[in-house]
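Trainee: Could you take me closely through the charged pairs in this model? I would like one connected account, with the neighbouring topics after it.

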Amino acid sequence: MNDLVAKGVHAWFGDRLVLEDVNLEFAHGTVTALIGPSGCGKSTFIRTLNRMHEFVPSAKFAGEVLLGGNDIYASGEDVTRIRLGIGMVFQKPNPFPAMTIRENVLAGPKLARLKVDDKATLVEKSLQQAGLWNEVKDRLDDPALGLSGGQQQRLCIARSLAVNPKVLLMDEPCSALDPASTLRVEETIDEIKHEVTVVIVTHNMQQAARVSDYTAFFLAELGEPGRMIEYGETKQIFSNPRDNRTERYVTGQFG
């Protein structure tokens, strides 16, 4: 079963086509890594998957993104509802600074006006899923900014999980973290993928190999828009890629 399907995705900034004709399916219970050099359209693509691309005033989009078979770009679709189903974790941890740890976890349901019968259970479950509960269970009313960078990132993951999304998008979630914090976030990804389909942008080839089931390689060749060059099971992409450009990238010959 595919939770999320991208069909013929094109993206522009102004008149410049930056991403051309991407077709990808994301199966339930899997992690898909998006890899490729800087400027190849990975982050642009992941932002089309929950309509964040349109935040840029000059941005344009063509194609379809299907969540549970429904096109999220269809006329009349509620963007807020879409983003409840397709959560996002950013490169830099962004807990709400004026809120406690507890309040950060509950912020999503509160903003979405979702009824929560047992807030304490939801906070514990979300923090457990994010691998943070044991570290913060006795300080839930402390400021979120008192946490380390890695803990803040896992708190952001917990905040996203609190609204029970079908898909979680992660745009280089470990790039600002130390190795120990990176390991904890990767463990969290492995834990949650059975309940939430995960799509992760990463420049770290070792990370892609460790955490993902499938990998898509993106490339923007000189003067051309970004394209998906190859997609397959992660083991195949890293051990026996079909395209020479993929092999050169994953073996460190460029990028």
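Mentor: What follows goes through the salt bridges, then the cysteines, then one helix contact.

Keep in mind that this is a predicted model. Side chains of opposite charge can pair when their charged atoms come close. Searching the whole structure gives 16 salt bridges.

Start with Asp171 and Arg47. They form a salt bridge, and their closest N and O atoms are 3.9 Å apart. The cut-off is 4 Å. Asp171 sits in strand β7 (residues 167–171) and Arg47 in helix α1 (residues 42–48), so this pair ties together parts that are 124 residues apart in sequence. Asp171 is buried, at 5% relative accessibility. Arg47 is partly exposed, at 28%.

Now take Lys193 and Asp213. Their closest N and O atoms are 3.2 Å apart, in a salt bridge. Both ends lie in loops: Lys193 between α7 (179–192) and β8 (197–201), Asp213 between α8 (205–211) and β9 (214–219). The pair therefore ties together parts that are 20 residues apart in sequence. Lys193 is buried, with a relative accessible area of 12%. Asp213 counts as partly exposed, at 27% relative accessibility.

Glu54 and Arg51 form another salt bridge, with 3.0 Å between the closest N and O atoms. Here Glu54 is partly exposed at 34% relative accessibility. Arg51 is buried at 12%. There is also a network of salt bridges, which links Glu20, Glu224 and Arg227.

Next, the cysteines. A disulfide is a covalent bond between the sulfur atoms of two cysteines. The count here is zero disulfides. For Cys40, the nearest cysteine sulfur belongs to Cys174 and is 18 Å away. The cut-off is 2.5 Å, so Cys40 is in no disulfide. Cys156 is in no disulfide either; its nearest cysteine sulfur, that of Cys174, is 12 Å away. Cys40 is buried, with a relative accessible area of 1%. Cys156 is buried too, at 3% relative accessibility.

Last, the helix contact. The axes of α3 (residues 101–111) and α4 (residues 119–129) come within 10 Å and cross at roughly 105 degrees. That makes α3 roughly perpendicular to α4. On the α3 side, the contact uses Arg102, Val105, Leu106 and Pro109. On the α4 side, it uses Lys119, Leu122, Val123, Ser126 and Leu127. By class, the α3 contact with α4 has six nonpolar, one polar and two charged residues.

Notes
Residues are numbered from 1 along each chain as its sequence is written. This is a predicted model: local features need pLDDT of at least 70, side-chain atom pairs count only at pLDDT 80 or more; totals for chains, interfaces and linings use all residues. Side-chain values use heavy atoms; hydrogens and water are left out. Axes are lines fitted to C-alpha atoms, for helices over the stretch in contact, and angles run from 0 to 180 degrees between N-to-C directions. Helices (H or I, at least four residues) and strands (E, at least two) are DSSP runs, numbered from the N terminus. Angles under 35 degrees count as roughly parallel, over 145 as roughly antiparallel, 65 to 115 as roughly perpendicular and the rest as oblique. Contact means heavy atoms within 4.5 Å. Ala, Val, Leu, Ile, Met, Phe, Trp, Tyr, Cys and Pro count as nonpolar, Asp, Glu, Lys and Arg as charged, and the others, Gly among them, as polar. Buried means under 20% relative accessible area, exposed over 50%, partly exposed in between (1.4 Å probe, protein chains only). A salt bridge is a side-chain nitrogen of Lys or Arg within 4 Å of a carboxyl oxygen of Asp or Glu.
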